[in-house]
Structures are given as structure tokens and as C-alpha cells.
Amino acid sequence: MENNSLEQRFSKFIIAVSILIPVVVAILFGVKLKDFGYNVEPLSFLPPIYATTNGITAIILIAAVVAIKNGKRKLHERLMTSAIALSVAFLVMYVAYHMTSDSTKFGGEGIIRYVYFFILITHIVLSIAIIPMVLITYVRALAENFDKHKKISKITFPIWLYVAVTGVVVYLMISPYYVY
């Protein structure tokens with residue numbers, strides 16, 4: 001019963017965070033510090049860093065699955081906590097970049113343009129959807145409700161991995177169009 005109460009205690013937090021993060025990111029995406037009189041240089045060095053952060057997150061997610069399949073629960077726990085921390089770091093860098101820099105337009109033409117926008121749109125939509133899934137999965141592990149944790153992690157893992165990998169792909173596809 002205590003495990004369910006832990007999940008219940010976190011449920012309102014998960015809902016709030018799952019709503020607040022996309023809303024705040026959407027608002028901050030449109031905020032430019034220069035419009036408020038702050039003379040800040042564009043943080044144009046950040047995109048390759050946060051793309052690398054996404055790539056490392058993907059590798060850590062795979063390593064975490066390998067760890068748990070090999071019975072290394074503590075390693076799995078540390079890796080998953082690291083993946084969450086990297087995702088938060090990505091988010092902070094992403095917002096900071098967009099608050100100091102103009103958005104880059106994708107310059108590709110033809111079929112590659114449609115491929116890029118398909119990847120970008122699915123990446124964005126799933127990056128929003130993954131927030132509550134990661135939090136629920138993590139809380140179920142904390143609550144030691146491993147049956148439910150395992151069940152949702154089978155859905156959470158591939159979506160989170162897709163978001164991490166497509167973050168790198170989107171960066172690689174748009175990077176030729178960045179203005180430095």
C-alpha cells in the first residue's frame with residue numbers, strides 16, 4: 001500500500017511538471033533577451049553541445065537497458081538518473097540558445113524537406129509526451145513497484161530513445177543552415 005501512496009503523492013507533481021515544461025518552453029522559445037534590453041551574445045556554441053547531450057542520453061538509455069537485463073539494478077538506476085539529468089541539461093541549453101538566438105530555418109528542398117519536418121514534428125510531439133512517461137516510470141521504480149515499472153518502461157524506453165536520437169538527427173540536418 002505504501003508504494004501506491006508514493007505514486008499518488010507524486011501524481012499531482014507529474015501532472016504539473018508535464019504541463020508546465022512544454023508551456024514554459026513554448027513561452028520562452030518566443031522570448032528574446034535582446035527585446036528586453038539585455039545585450040547578450042547569441043549562444044551559438046550550444047546546438048552541437050545539446051545535440052551531443054541527446055546522443056549521450058541515447059547511449060545511456062541503451063546501456064541502462066543492458067544493465068537491467070544483466071541484473072545490475074544499481075547501475076541501471078544510476079544510468080537512468082543520469083539520462084534524466086542529461087535531458088534536463090538539454091532543456092536548459094535549448095531554451096538558453098533560443099532566448100539569445102534567432103531560429104534557424106531549414107534550407108533543404110525536395111523530399112529531404114518533408115523528411116526533415118516529419119522527423120522534427122514527431123520529435124517535438126514525442127518530447128512532450130515522454131515527460132509524464134519518464135516521470136511515472138521513474139516514480140514506479142522509486143516505489144519499488146517493479147511490475148508496473150517494467151510494463152510502462154517497455155513503452156517509455158523506445159519513445160525516449162527515439163526523441164534522443166532524432167534530436168541528434170534534427171541537429172545534423174539543420175546544422176548547415178546555422179549562422180554563426
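User: Where does Gly 71 sit, and what phi does it take?
Analyst: Gly 71 comes just after α2 and takes a positive phi of about 75 degrees. Bear in mind that this is a predicted model.

User: OK. Which residues does α2 cover, and how far does it reach?
Analyst: Helix α2 runs over residues 46–69, which is 24 residues. From its first C-alpha to its last it reaches 35 Å, close to the 34 Å expected at 1.5 Å a residue.

User: Which of its residues are buried in α2?
Analyst: The buried ones are Leu 46, Pro 47, Tyr 50, Ala 51, Thr 53, Asn 54, Thr 57, Ala 58, Ile 60, Leu 61, Ala 64 and Ala 67.

User: And what covers the buried residues of α2?
Analyst: The cover includes α3, residues 73–100, and α5.

User: Why do residues three or four places apart in an α-helix point the same way?
Analyst: An α-helix has 3.6 residues a turn, so residues at that spacing point the same way.

User: Let's zoom out. How many helices and strands does the protein have?
Analyst: There are five helices and zero strands. From the N terminus the order is α-α-α-α-α.

User: What does the C-alpha trace span?
Analyst: Along its principal axes the trace spans about 55 × 35 × 25 Å.

User: What percentage of the residues is buried?
Analyst: Buried residues make up 36% of the 180 in the protein. The accessible surface comes to about 11,100 Å², and carbon and sulfur atoms account for 70% of that.

User: What about contacts between residues at least 6 apart in sequence: what share joins residues at least 24 apart?
Analyst: That share is 81%.

User: Charges next. How many positive and negative ones are there?
Analyst: The protein has 16 positive and 9 negative charges, and the mean positions of the two sets are 8 Å apart.

User: Now α4. Why does its end-to-end distance agree with what it should span?
Analyst: Helix α4 has 32 residues, 111–142, so at 1.5 Å a residue it should span 46 Å; its end C-alpha atoms are 45 Å apart, which agrees.

User: Where is the kink in α4?
Analyst: The kink lies at Ile 130, shortly before the proline Pro 132, and is about 30 degrees. Ile 130 is also among the buried residues of α4, as are Ile 131 and Met 133.

User: What does Leu 135 touch, leaving out residues up to four places away in sequence?
Analyst: Leu 135, which is in helix α4, touches Ile 14, Val 17 and Ser 18. Its C-alpha is separated by 9.3 Å from that of Ser 11, and those two residues are 124 residues apart along the chain.

User: What comes just after α4?
Analyst: Glu 144 does, with a positive phi of about 55 degrees.

User: Then α5. Is His 149 buried or exposed?
Analyst: His 149 is in helix α5, residues 146–174. It is buried, because its relative accessible area is 14% and the cut-off for buried is under 20%.

User: Which residues is His 149 in contact with, neighbours within four places aside?
Analyst: His 149 is in contact with His 76, Thr 137, Arg 140 and Ala 141. Thr 137 and Arg 140 are among the buried residues of α4.

User: Last one: what is the relative accessible area of Pro 158?
Analyst: Pro 158 is found in helix α5 and has a relative accessible area of 39%, which means it is partly exposed. The C-alpha atoms of Pro 158 and Asn 39 are separated by 41 Å, with the two residues 119 residues apart along the chain.

How values were computed
Residues are numbered from 1 along each chain as its sequence is written. This is a predicted model: local features need pLDDT of at least 70, side-chain atom pairs count only at pLDDT 80 or more; totals for chains, interfaces and linings use all residues. Side-chain values use heavy atoms; hydrogens and water are left out. Helices (H or I, at least four residues) and strands (E, at least two) are DSSP runs, numbered from the N terminus. Buried means under 20% relative accessible area, exposed over 50%, partly exposed in between (1.4 Å probe, protein chains only). Contact means heavy atoms within 4.5 Å. Accessible areas come from the Shrake-Rupley method with a 1.4 Å probe; for residues, only the protein chains shown count as cover. Lys and Arg count as positive and Asp and Glu as negative; His and the chain ends are not counted. The place of a charge is taken as NZ of Lys, CZ of Arg, CG of Asp or CD of Glu. The expected span of a helix is 1.5 Å times one less than its number of residues. The bend at a residue is the angle between axes fitted to the seven residues ending there and the seven starting there.
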